[in-house]
Amino acid sequence: MANNDPLTAPVLVVGLGRFGSAVARSLVRLGHDVLGVDEDAALVQRFASEFTHVVSADTTDTEALRQIGAEQFDRAVVGIGTDIEASVLTVLSLVELGVSEVWAKAINAKHARILERVGATHVVRPESAMGERVAHMVTGAMIDYIEFDDGFSIARTRAPKLAAGRTLLESQLRAKFGVTVVGVKRRGEDFTYARPETSIEATDELIVSGPTRKVETFCALGNS
């Protein structure tokens, strides 16, 4: 579409179930125009006042997508999950129409592989990702956690005892554990960017990044 600014460009969201509608709401809050599409007329009616435009259409049909102007969008999100065939055919149709970025939800690894093969540029597995995140938090080693596809993670964790009362330069956490301390949060204060001279207190929280296994190992120190 005419607006090429990725920060405000309109987005097509197909499938207005829990995942798709949550993505659409967030996009609207961020200032994007959203065209929401679902085959279920009741869902379309429910979200008519929330999103910029909402229409009912069979998105597995390339011609139906063309009629609603799908080819004018640079970005689309396919939130169809349980109907794998509809999910795959919708992604394929969007790719055929020339949508340059297609984000698609997958319900399992096999579904994800199929979506990638038919042209989805980004595949997400929200249930799997949230399960992994919660598991790390339940152990008590991490306060928050994000893992990326390439084996890289960012975590918020408690400062380990071995770092308390020392600067980052003195504790040599990166050399010893292979992680980078990105920021430090002290009680009653805002997060600050970590520097070699930054001192760590026993009650501090750290934002650390690095290879997933090394981040997990490091964060376990804050729970001991």
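Let me start with a pocket, the second largest one, which has a volume of about 480 Å³. Keep in mind that this is a predicted model.

What lines this pocket? There are 26 lining residues, and Gly15, Gly79, Ile80, Gly81 and Thr82 are the ones nearest the centre of the second largest pocket. Sorted by class, the lining holds nine nonpolar, eight polar and nine charged residues. Four elements each give at least two residues to this lining: α1 (18-29), β2 (34-38), α4 (84-96) and α6 (126-138). The largest share comes from α1, with three residues.

Next, the annotation. In UniProt, an unreviewed entry carries "domain: RCK N-terminal" over residues 8-124. In the model, the chain over residues 8-124 is 40% helix and 21% strand, and its end C-alpha atoms sit 22 Å apart.

Now the nonpolar cores. The largest one has 25 residues, and those touching the most other members are Leu12, Val78, Val91, Leu94 and Leu115. Two or more residues of this core come from each of β1 (11-14), β2, β4 (75-78), α4, β5 (101-105) and α5 (109-118). Helix α4 gives the largest share of this core, four residues. Apart from this core there is another, of 17 residues, including Met142, Tyr145, Ile200 and Phe218.

Take Val91 as one example. Leaving out residues up to four places away in sequence, Val91 touches Val78, Val102, Ala104, Leu115, Val118, Gly119 and Ala120.

I will finish with two threonines. Where does Thr59 lie? Thr59 is in the loop between β3 (53-56) and α3 (62-67). Is Thr59 buried or exposed? Its relative accessible area is 6%, so Thr59 counts as buried, the cut-off being under 20%. Not counting residues up to four places away in sequence, Thr59 touches Val14, Val37, Leu65, Ile80, Thr90 and Ser93. One of these, Ile80, was also named among the residues nearest the centre of the second largest pocket.

The other threonine is Thr212, which lies in helix α9 (residues 212-221). Why does Thr212 count as buried? Because its relative accessibility is 7%, and the cut-off for buried is under 20%. With neighbours within four places in sequence set aside, Thr212 is in contact with Tyr145, Glu147, Gly151, Phe152 and Ser153. Tyr145 came up before, as a member of the core of 17 residues.

One last distance, from Thr59 to Gly210. Thr59 and Gly210 are 151 residues apart in sequence, and in space they are 40 Å apart, C-alpha to C-alpha.

Key. Residues numbered from 1 in each chain as written. Predicted model: local features only at pLDDT ≥ 70, side-chain atom pairs only at ≥ 80, totals over all residues. Heavy atoms only, no water. 1 Å grid on protein atoms, 1.4 Å probe; cavity = no way out; pocket = protein on both sides within 12 Å on 5 of 7 lines; lining within 4 Å. Points joined across faces, edges and corners; volume = space filled by probe spheres on them. Nonpolar A, V, L, I, M, F, W, Y, C, P; charged D, E, K, R; others polar. Core = buried A, V, L, I, M, F, W, Y, C linked by side-chain atoms within 4.5 Å. Buried < 20%, exposed > 50% of the residue type's maximum accessible area, 1.4 Å probe, protein only. Contact = heavy atoms within 4.5 Å. UniProt positions renumbered as here; feature names shortened; annotations may be inferred.
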